[in-house]
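Q: Could you take me through one part of this model up close? I'd like to see how a single surface spot ties into the strands around it.

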Amino acid sequence: MTVSYMDYTSPSVQFTYNLNNNTTFRKDGRNYINTLSNQQLNTLVDVSLLDIFMSKGNVVEPHYHQNAAELVYLISGAMVVSLINPFTNELLNFPISQPGQVVNVPQGWWHYEVATMDNTHVLAIFDAPVPQFIGGSDLLRLTPANVLAHTYCLNEAMVKETLAPITQTVLIGPPADCNKTGQMVQGIAAAAPSIPVPVTGYNGPKRSVIGNGWNQY
């Protein structure tokens, strides 16, 4: 646990904050993220949160937090929280649709969230003063296409063409200017209510937790 050396007699001590004053990502009026960390509230120790609002079919992109576990707490709406267990190589999907339901994502685990109803609202709570973030969009756009093509035996020209639209961190996708219909997301939304805790994956060799990276917030 982080040791706090805060001078609680100082006039700069902060005990309250309005998250609506710190929108760190906005796709549109129904899909956005407000952030609270010790950068906004300096008395916080080893805790921070994201206040996430989403409409149906939107996805918090595949990502991981290299410095914190994440507890997803549903306030309204519904979503599927999906994660890969790096010790079993299983993809786990957890639908949540009742206010108060939670899903815990251990530190460093690859995961994503799909809203399956409009007006979905969740809190993502972290055991770190500032949550760090590495998004799939950044891994894809910053890894050279020739490296991906050579490593995975792919057509380099097709890799470049496929990944060309990813020019920045996505966070909530699909991007606002995307013209695709997003069949995969709709399929997840349709299947989730009928499957309490579906588990799919493969029985390959176990691997270690995904590594480290840079601070998004």
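A: Let's start with Val102, which sits at 45% relative accessibility in this predicted model. That value falls between the 20% cut-off for buried and the 50% cut-off for exposed, so Val102 counts as partly exposed. Val102 belongs to strand 8, which covers residues 102-105.

Now look at how that strand presents its side chains. In a regular strand, side chains alternate between the two faces of the sheet. In strand 8, Val103 and Val105 make up the covered face, while Val102 and Asn104 are on the uncovered one.

Val102 also has company at the surface. Together with Leu71, Tyr73 and Ile75, Val102 makes a nonpolar surface patch of about 290 Å². Strand 5 (residues 70-76) puts in the largest share of that patch, with three residues.

So much for the patch; next, the pairing of the strands that supply it. Strand 5 and strand 8 run antiparallel and are joined by four bridges. One pairing to pick out in your viewer is Val72, whose bridge partner in strand 8 is Val103.

Leu71 is a good residue for seeing both strands at once. Leu71 is part of strand 5, and its relative accessibility of 31% makes it partly exposed as well. The C-alpha atoms of Leu71 and Asn104 are 4.5 Å apart, although 33 residues separate the two along the chain. If you skip residues up to four places away in sequence, Leu71 touches Val102, Val103 and Asn104. The same list of contacts for Leu71 also holds Leu123, Ala124 and Ile125.

For contrast, try His63 in strand 4 (residues 59-64). His63 has a relative accessible area of 2%, which is under the 20% cut-off, so His63 is buried. A polar atom of the His63 side chain lies 2.5 Å from the backbone oxygen of Glu61. The His63 side chain also makes a polar contact with the side chain of His111, at 2.9 Å. Leaving out neighbours within four places in sequence, the contacts of His63 include Glu70, Trp109, Trp110 and Phe133.

One more antiparallel pair rounds this off: strand 6 (residues 79-85) and strand 7 (residues 90-96), joined by seven bridges. Within that pair, Val80 has Pro95 of strand 7 as its bridge partner. The hairpin these strands form has four residues between them, and Asn89 takes a positive phi near 55 degrees there.

How values were computed: Residues are numbered from 1 along each chain as its sequence is written. This is a predicted model: local features need pLDDT of at least 70, side-chain atom pairs count only at pLDDT 80 or more; totals for chains, interfaces and linings use all residues. Side-chain values use heavy atoms; hydrogens and water are left out. Two strands pair if DSSP finds at least two bridges between them. Helices (H or I, at least four residues) and strands (E, at least two) are DSSP runs, numbered from the N terminus. Patches are made of residues with over 30% relative accessible area and no salt bridge: like charges are joined within 9 Å, nonpolar side chains (Val, Leu, Ile, Met, Phe, Trp, Tyr) within 5 Å. Accessible areas come from the Shrake-Rupley method with a 1.4 Å probe; for residues, only the protein chains shown count as cover. A salt bridge is a side-chain nitrogen of Lys or Arg within 4 Å of a carboxyl oxygen of Asp or Glu. Buried means under 20% relative accessible area, exposed over 50%, partly exposed in between (1.4 Å probe, protein chains only). A polar contact is a pair of N or O atoms within 3.5 Å; within protein, one must be able to donate a hydrogen and the other to accept it, and residues adjacent in sequence count only if both atoms are side-chain atoms. Contact means heavy atoms within 4.5 Å.
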